[in-house]
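Q: Please take a close look at one part of this model for me, and walk me through how its pieces fit together. I'd like the cut-offs behind each term as you go.

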Amino acid sequence: MKLSYNTNGFARFSIEETVETLGRLGYEGVEIARTHRVDELNKQDRGKLLKLIKSVGLQVASIQGGNPYLDEKFAKARIDLAVELECPVVSLGCGRLIMDESKRESIWVEVRDAFRELSKYAAQKGVIPVIEPEPPVFLAGERGQVCERLIGRSEDAERMFREVGVDNLGLLIDIGHVYVMEENVLSVIEKFGKKIVHVHMEDIVDRMHFHFLPGTGMVDFEGVVRALAKIGYKKFLSIELEAHVWDPKKAALESIQYMDSLLYKLGLK
Ligand SMILES: [Mn+2]
């Protein structure tokens with residue numbers, strides 16, 4: 001298993017500085033979030049970026065593709081970008097927010113069709129699209145409202161895989177999200193097995209959806225890594241600490257120290 005870091009934690013830094021930092025810290029991958037609009041660079045600058053990424057010993061682990069059901073053009077542009085940056089995975093998210101429960105099924109159909117269309121597009125390009133279950137969000141406002149995501153729990157992902165009906169759509173399992181949703185992370189990993197093609201790592205405290213540094217909360221990282229090893233997972237563990245924007249270098253350093261020690265302890269380093 002290889003370690004990567006999500007650029008959403010480096011929102012205040014340029015993509016170049018982020019990549020150089022991650023390379024220096026010993027990461028093997030960089031995950032490009034929407035915070036870094038690399039798709040807006042011209043072809044020559046994208047080529048230069050790929051060269052820089054390789055020169056510091058990184059590869060692009062995954063690219064976030066936005067909200068395909070809202071902006072298909074953006075998602076396709078991110079798939080094209082993945083091809084150019086030699087990135088194997090593009091994340092298509094968790095479907096729309098459910099603001100009104102009576103609209104859940106019509107939203108489901110709309111999102112399912114968008115996933116199917118984009119999976120076919122990605123297949124032609126040799127990129128693996130993934131969906132990522134996400135916990136509900138609290139929307140502040142006059143009354144305040146807790147809104148579920150279309151794909152929140154593992155059974156939602158299972159139903160989506162079944163109904164989209166294509167082979168290449170995979171799962172991005174965000175370990176913290178599984179804890180927030182109170183599912184058993186070890187059974188979820190075992191259940192999806194080879195469907196898991198990308199992993200987000202962060203710690204969780206009191207089932208609150210806030211991404212803490214690995215090793216500072218309730219997540220059983222040793223159990224998680226053992227379970228991933230058991231299903232033969234050899235791809236990226238991508239640290240995702242989007243709120244640690246003020247000192248992301250420290251967050252990235254402490255995360256890789258923790259994860260490296262764990263991988264070493266388990267004979268995986
Ligand atoms: Mn995530």
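A: Helix α1 passes helix α9 in a right-handed crossing, that is, with the near helix turned clockwise from the far one by less than a right angle (anticlockwise would be left-handed). The model is a predicted one, where local features need pLDDT of at least 70 and side-chain atom pairs count only at pLDDT 80 or more, while totals for chains, interfaces and linings use all residues. Residue numbers start from 1 along each chain as its sequence is written.

Here α1 covers residues 15-25 and α9 residues 248-265; helices are DSSP runs of H or I with at least four residues, strands are runs of E with at least two, and both are numbered from the N terminus. The two helices pack at an angle of about 30°, their axes 10 Å apart. Axes are lines fitted to C-alpha atoms, for helices over the stretch in contact, and angles run from 0 to 180 degrees between N-to-C directions. α1 and α9 are therefore roughly parallel (under 35 degrees; over 145 is roughly antiparallel, 65 to 115 roughly perpendicular, the rest oblique).

Thr21, Leu22 and Leu25 of α1 meet Lys249, Ala252, Leu253 and Ile256 of α9, a contact being C-beta atoms, placed from the backbone, within 7 Å. By class, this contact has five nonpolar, one polar and one charged residues. Nonpolar means Ala, Val, Leu, Ile, Met, Phe, Trp, Tyr, Cys and Pro; charged means Asp, Glu, Lys and Arg; the others, Gly among them, are polar.

Ile256 of α9 also leads us to Leu3, since Ile256 is one of the residues that Leu3 touches. Leaving out residues up to four places away in sequence, the others are Tyr27, Glu28, Gly29, Leu237, Ile239 and Met259. Leu3 sits in strand β1, residues 2-6. With 23 other C-beta atoms within 10 Å, Leu3 is buried (20 or more such atoms; 12 or fewer is exposed, in between is partly exposed). From Leu3 to Val30 is 27 residues in sequence, yet 8.6 Å in space, C-alpha to C-alpha.

For a companion view, try α4 (residues 104-125) and α5 (residues 154-164), which pack at about 60°, again with axes 10 Å apart. This pair is therefore oblique, and its crossing is right-handed. The contact involves Arg112, Phe115, Arg116 and Ser119 of α4 with Met160, Glu163 and Val164 of α5.

Conventions:
Two residues are in contact if their C-beta atoms, placed from the backbone, lie within 7 Å.
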